[in-house]
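Reader: Please take one part of this model and examine it closely: the arrangement of its strands and what surrounds them. I would welcome a single connected account.

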Amino acid sequence: MKLCILFPGIGYTVDRSLLYFSGRLAIRKGYEVRKVGYHDLPKDIKGDEEKKLKAFEMALGQIEEQLSEINLNDYSDILFIGKSIGTAVAAAYGCKHLDGFKGNVRYIYLTPLEQTFRVAGANSGIVFTGTADPWVVPDKIVSESQRLDIPCYRYEDANHSLETGDVERDTAILSDVMAKVDEVI
């Protein structure tokens with residue numbers, strides 16, 4: 001059995017393009033897809049490390065509650081797809097709940113925060129980031145990916161949603177990201 005869990009960002013839900021189409025690709029490849037979400041997280045966390053940490057801790061607690069009935073050992077293949085804060089939550093959840101797991105585990109990090117790489121367990125996967133992402137220092141995302149030997153794809157002038165404001169460019173980026181996600185899945 002195969003399981004895919006979609007971990008959204010705070011304002012980037014599982015119904016937005018990067019997560020929606022990633023989930024569709026997983027379904028097409030025979031994964032059971034679980035969508036999780038958060039509520040009542042701190043607002044205005046950008047630039048505030050204390051609020052980011054509180055949001056992360058609250059999100060992780062909410063995810064653990066939502067997934068408490070799942071026995072991960074029932075699956076042979078697990079795929080975690082996270083967006084923004086969801087990348088850190090996915091890495092932390094995996095680290096905490098997959099100790100001794102014998103199956104295949106993969107992570108897809110869509111516009112990860114720098115904090116993602118501080119989580120034990122964020123040492124595998126694939127990373128997608130934009131050079132105009134105001135939530136991170138893009139060069140730090142690239143260097144952390146290199147340090148951990150994680151493939152990193154960087155999109156010029158793309159923001160935290162991997163968008164540039166140009167519809168043709170944005171759809172080309174989305175198409176490229178989905179082609180690479182499809183390869184990983």
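Author: Two strands are said to pair if DSSP finds at least two bridges between them. Strands (E, at least two residues) and helices (H or I, at least four) are DSSP runs, numbered from the N terminus. The model is predicted, so local features need pLDDT of at least 70 and side-chain atom pairs count only at pLDDT 80 or more, while totals for chains, interfaces and linings use all residues. Residues are numbered from 1 along each chain as its sequence is written, and side-chain values rest on heavy atoms, without hydrogens or water.

Six strands form an open sheet in the order E2-E1-E3-E4-E5-E6, and their pairing is parallel. Strand E2 (32-35) and strand E6 (152-155) are the edges, each pairing on one side only. On average, neighbouring strands are turned by 15° against each other, direction ignored; the angles, which run from 0 to 180 degrees, are taken between the N-to-C directions of lines fitted to C-alpha atoms, for helices over the stretch in contact.

From the E2 edge, the account begins with the pairing of E1. Four bridges connect E1 with E2 in the parallel sense. Within this pair, Cys 4 stands opposite Val 33 of E2, and Leu 6 has Lys 35 of E2 as its bridge partner. Towards E3, E1 is joined by six bridges, again parallel, and here Leu 6 faces Ile 81 of E3. Leu 6 thus has a partner in E2 and another opposite it in E3. Five of the six residues of E1 are buried (under 20% relative accessible area with a 1.4 Å probe, protein chains only; exposed is over 50% and partly exposed lies in between). The strand is therefore largely enclosed by the rest of the structure. E1, helix H1 (residues 17-28) and E2 make up a β-α-β unit of right-handed sense, a term applied when, with the strands pointing away from the viewer, the path from the first strand over the helix to the second runs clockwise.

E3 and E4 are linked by a salt bridge (a side-chain nitrogen of Lys or Arg within 4 Å of a carboxyl oxygen of Asp or Glu). Its partners are Asp 77 and Arg 106, whose closest N and O atoms are 2.6 Å apart. Asp 77 belongs to strand E3 and Arg 106 to strand E4, so that distant parts of the chain, 29 residues apart, are linked. Both Asp 77 and Arg 106 are buried.

On the other side of E4, the sheet continues through E5 to the E6 edge. E4 pairs with E5 over three bridges in the parallel sense, with Tyr 109 opposite Val 127 of E5. E5 and E6, also parallel, are joined by four bridges, and the bridge partner of Val 127 in E6 is Cys 152. Between these two strands the chain passes through helix H4 (residues 138-147), in a β-α-β crossover that is right-handed. In strand E5 (residues 126-130), five of the five residues are buried, so this strand too is largely enclosed by the rest of the structure. In a regular strand the side chains alternate between the two faces of the sheet. Both faces of E5 are covered: Ile 126, Phe 128 and Gly 130 are buried on one side, and Val 127 and Thr 129 on the other.

It remains to consider the packing around the strands. Helix H3 lies across E1, E3 and E4 and runs at about 150° to E3. The largest nonpolar core (buried Ala, Val, Leu, Ile, Met, Phe, Trp, Tyr and Cys residues joined through side-chain atoms within 4.5 Å) has 37 residues, of which Phe 7, Phe 80 and Val 89 touch the most other members. At least two residues of this core come from each of strand E1 (2-7), helix H2 (49-66), strand E3 (77-83), helix H3 (85-97) and strand E4 (104-110). H3 gives the largest share, seven residues. Leaving aside residues up to four places away in sequence, Val 89 touches Phe 7, Tyr 38, Phe 56, Ala 59, Leu 60 and Ile 63, contact meaning heavy atoms within 4.5 Å. Apart from this core lies another, of 23 residues, which include Ala 26, Leu 79, Leu 110 and Val 181.
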